[in-house]
Amino acid sequence: MKEISVLAGGQAGDGIASVGETLSKAFTRMGLHLFGLNSYQSVIRGGHVSFLARASPDRVPSQGDACDVLYALDQQTIDIHLPGLSQGGTVVHDPEKFALPAERLPVGTSALGVPTLEIARKYTNQSILQNAAGLGATAFLAGIPLDLLQRTLADSFGKKKGEVVDWNLGASADGYKFAQEHAKPNQHALAPAGEPKLLLTGNQAIALGAAAAGCKFLAQYPMTPASSIMHWLAAHSRDLGVVVKQAEDELAAINMAIGASFGGVRAMTATSGGGFSLMVEALGMAGMTETPVVVVESQRSGPSTGLPTKTEQGDLNLMLGAGQGEFPRAILAPSNPAEAYRFTVRAFQLAEEWQTPVLVASDLHLSESYGTVDRAEIDLDVPVPPIATVEPNGHEYKRYRYTASGVSPRAIPGQPGLNFIAGSDEHDETGHLISDVKSGVPVWVAERAKMMEKRMRKLEGLARTTDPPVLEGPEAADVTFIAWGSTAGAVRDAMRILSARGVHANLLFLPTVYPLHGAAVAARLAKAKHPILVEGNYSGQLGRLIRAETGLEIRDKLLKYDGEPFYPMEIVRKATEVIEHGRN
Amino acid sequence: MAGTSAATVTPTEGALLPMVGKSDTKPTWCPGCGDFGVIAAIEMAVKKLKIPSHNVTIVSGIGCSSNLPHFLSSYGFHAIHGRSLPVAEGIRWANHELTVIATGGDGDGFGIGCGHFVHTMRRNVDMTYVTMDNQIYGLTTGQASPTSMMGQKTKSTPSGVIENPIDPIALALASGATYVARGFSGDVKHMAELIQNGIAHKGFAFVDALSPCVTYNKINTFDYFRQRVYKLETSGHDPTNLAKAFERSLEWGDKIPIGLFYRTDRPTYEDLEEVLSAGPLARQPAGLKGRDALLDEFA
């Protein structure tokens, strides 16, 4: 696959993210697909940050393994990223900031010293402008046309005008021209390749999907890596008519969302594992009161505070088991922004249809990384039917009427003649509690069992209406990867690399982690020559779920819990090793 | 009245619609429980305001008193322990034409739910919160509560409580509640007036109801309060004066004030949340059909 990867690195506060975002946007405006990995630490200033933009005319499912152009704002960036520089790769740096002796460069790579500080000083004494000069030089090496770069950079300032914008444009042009005079574009530089793409993070896609599905209310408490869902919806709150409430804590956030849903609007909350741990009890209340609610759980490295700015898929057990007792739920796990959009829409529909909580399982790697979609992939025309499914008809209304599907007609407060109570206690068909003076009395013992069965029947419906496992790649393969969520991205890259090496690999991807669709998974696993579980956690939580639901154990596992996302070559190496050892 | 104007109908119109009354489910409280007085007061207040039952939603948490919504015929949400307020806020924001009343006990509101108590008041959400304060955990058979008095012996504090009790009135005043009152279950009519005015008040109305537990609290009994309570209305208190309200809130001994401590006007959360100026959220259009230009920011 034709591709180029550009990495900008420096200290927090250096403006690395904006360099990376500008480069990324310029690539996508060339019609290229892109994966953008924003890597940072839990500090606001200082500490190493980097942004890697990997572009290609083909789909780019992950950050890949290489870096062709490395723009280093500090020595630490060199120390960390130089070993990853590809053959023919170029380092952009400013010799005034730090020396880069030629002997440090890996064979077949080169360095371009760009006087970024000197260029910056032409305009102002603020060193931040060095970025723009470095951006210009990097863009030249990456094959981005100057006019496109300038337009994209100008757009990044929005409606802002004035000398700061002019300085940035000037410095970036100077940097670009300096590189043009002293170097050639990187050998991997790409030509424009058709229609511009849309560039968005997983969280932006989730927020957009929520709005498209008719979400009118988001309550959230800030927590990395879920916060940018709130940021996007808050920025669009007035325009879209969505109330965004920053709650006092996650307990309030989910309870507000459940209240709003009961009150008659589609509602959501979003958090990471720590916040979700606080939401657990209320999740059960949504199940018990049969109130639809969508909860986005964007995982980060745990346990406890863990690595707040690093990724993991360690919360599956938590999501599966959250809440005392048993109630129906679904867990959808998108692997890229296009799916993040579609699955969030679907989560709202399922929550509404089955009147129960639905989780969208994301993780830092999906939530905060950038990806591209074709405009046509984002269908905003999502039907938004009315919420109440019953009108007053003079008959007695039973909110929790026993039905074959387990779903009962839903009224909302304000509808005359349908007054009911939603109870977190066990209740009868009208919603009145049977937990106190009635509990233990034979007729109510039977009623309790019946009400449990009514609710749990919805799980069968969820199993029927959620997306089944998808087999990607050839039907017959030497290795079959099993993955969920963002991990599927690196697997897709690995499959391509393996295929180029003559190894057939396919991927059993689970868009719905729960209900598991056990029969379909079992059927696929039965055909797999060498199944390999690829999961971002220590114990293989999906593997355990599969074993529980199918009796099948996937013995070969590639598990990662160091905070970093999977890289394609790790998966390639694992597959090669499994095939060589011939274990199945 | 502005806060409830949309939900309050004219007397003639209201008479045709069912008013909040008793539900088929009978209260399960111990005979003589203070909560009987509170439920009677709430029913009386809502009836006086002629708010049709379908426009009233009563939300509660967990505890003896939190069973209350089951015993009235409005819409209700019997939530989990300590979370009545965020659920109530969500309901209010989904449809701010509804009259939303949260109810619960002192453990529910000032113990496990205390964080929400403070924050809901600072937001001045236009709703009413009635706590049935019996200074004991009743449903769990008699442990100390956040309002149990120093020295009180309970199952969890056999040698006596060694923590200073929360003062709900002072806390409400400090947190920015715009209507702060205390009622007593021994004077239902007075409490009904406080609740009625609280519902009519535009903003967060807090009514702490002294509601004795006849089973587990042998100290703060009906007699205990009868001997001590006096009405602020007849004692020259100026409910527009916050400093004076604080002063009165600290009185707890031989004399315990009941009535309206404080009332002020401040924009409500719903007033300030611009999205709600277009009407109740539940009736606003939803979805992004035809909004393709929204995607331009990603291009």
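A crossing of two helices is left-handed if the near helix is turned anticlockwise from the far one by less than a right angle, and right-handed if the turn is clockwise. The exercises below concern a predicted model.

**Exercise 1. At what angle do helices α1(A) and α5(A) pack, and which residues make the contact?**

Solution.
Step 1. Helix α1 (residues 16–29) and helix α5 (residues 146–156) of chain A pack at about 125 degrees, and their axes are 9 Å apart.
Step 2. Angles of 65 to 115 degrees count as roughly perpendicular and those over 145 as roughly antiparallel, the remaining class above 115 being oblique. The angle of about 125 degrees therefore makes α1(A) oblique to α5(A).
Step 3. In handedness, the crossing of α1(A) and α5(A) is right-handed.
Step 4. From α1(A), the contact is made by A:Ser18, A:Glu21, A:Thr22, A:Lys25, A:Ala26 and A:Arg29; from α5(A), by A:Leu148, A:Leu149, A:Thr152, A:Leu153 and A:Ser156.
Step 5. By class, the residues of this contact of α1(A) with α5(A) are four nonpolar, four polar and three charged.

**Exercise 2. Describe the packing of α7(A) and α13(A).**

Solution.
Step 1. Helix α7(A) packs with helix α13 (residues 337–354) of chain A at an angle of about 35 degrees, with axes 7 Å apart.
Step 2. The crossing of α7(A) past α13(A) is right-handed.
Step 3. On the α7(A) side the residues are A:Gly202, A:Ala205, A:Ile206, A:Leu208, A:Gly209, A:Ala210, A:Ala212 and A:Ala213. They meet A:Pro337, A:Ala340, A:Tyr341, A:Arg342, A:Thr344, A:Val345, A:Phe348 and A:Gln349 of α13(A).
Step 4. The contact of α7(A) with α13(A) has eleven nonpolar, four polar and one charged residues.

**Exercise 3. In what order do the strands of the eight-stranded sheet of chain A run, and which stand at the edges?**

Solution.
Step 1. The order is β6-β5-β4-β1-β3-β2-β14-β7 (chain A), in an open sheet of mixed pairing.
Step 2. β6 (110–113) and β7 (198–201) of chain A each have a single partner strand, so one side of each lacks a neighbour in the sheet; these two stand at the edges.
Step 3. From one strand to the next, the twist averages 20 degrees.
Step 4. Within this order, β2 (residues 33–39) and β14 (residues 370–373) of chain A pair in the antiparallel sense over two bridges. A:Phe35 stands opposite A:Gly371 of β14(A).
Step 5. Helix α4 (residues 130–141) of chain A lies across β1, β4, β5 and β6 of chain A, running at about 155 degrees to β5(A).

**Exercise 4. Carry out the same analysis for the five-stranded sheet of chain A.**

Solution.
Step 1. This open sheet, again of mixed pairing, has the order β16-β18-β17-β20-β21 (chain A).
Step 2. β16 (470–472) and β21 (556–559) of chain A are at the edges; each has a single partner strand, so one side of each is left without a neighbour in the sheet.
Step 3. Direction ignored, neighbouring strands of this sheet are turned by 25 degrees against each other on average.
Step 4. β17 (residues 479–483) and β18 (residues 505–509) of chain A pair in the parallel sense over five bridges, and A:Ile482 stands opposite A:Leu508 in β18(A).
Step 5. Helix α18 (residues 541–550) of chain A packs on the sheet, touching β20 and β21 of chain A, and its direction makes about 130 degrees with that of β20(A).

**Exercise 5. How many residues does each chain bring to the contact of chains A and B, and which element of chain A gives the most?**

Solution.
Step 1. Chain A supplies 57 residues and chain B 51 residues.
Step 2. Elements of chain A that each supply at least two residues include β7, α7, β8, α10, α11 and β15.
Step 3. α10(A) gives the most to the side of chain A that touches chain B, with ten residues.
Step 4. That side of chain A divides into 33 nonpolar, 14 polar and ten charged residues.
Step 5. Strand pairing also links the chains: β15(A) and strand β2 (residues 75–78) of chain B pair in the parallel sense over three bridges. The bridge partner of A:Ala422 in β2(B) is B:Phe77.

**Exercise 6. Where do the prolines A:Pro225 and A:Pro515 lie, and are the peptide bonds before them cis or trans?**

Solution.
Step 1. The bond from A:Thr224 to A:Pro225 is cis, with omega near 5 degrees; A:Pro225 lies in the loop between β8 and α8 of chain A.
Step 2. The bond from A:Tyr514 to A:Pro515 is cis, with omega near -5 degrees; A:Pro515 lies in the loop between β19 and α17 of chain A.

How values were computed
Residues are numbered from 1 along each chain as its sequence is written. Chains are lettered from A and ligands numbered from 1 in the order in which they are written. This is a predicted model: local features need pLDDT of at least 70, side-chain atom pairs count only at pLDDT 80 or more; totals for chains, interfaces and linings use all residues. Two strands pair if DSSP finds at least two bridges between them. Helices (H or I, at least four residues) and strands (E, at least two) are DSSP runs, numbered from the N terminus. Axes are lines fitted to C-alpha atoms, for helices over the stretch in contact, and angles run from 0 to 180 degrees between N-to-C directions. Two residues are in contact if their C-beta atoms, placed from the backbone, lie within 7 Å. Angles under 35 degrees count as roughly parallel, over 145 as roughly antiparallel, 65 to 115 as roughly perpendicular and the rest as oblique. Ala, Val, Leu, Ile, Met, Phe, Trp, Tyr, Cys and Pro count as nonpolar, Asp, Glu, Lys and Arg as charged, and the others, Gly among them, as polar.
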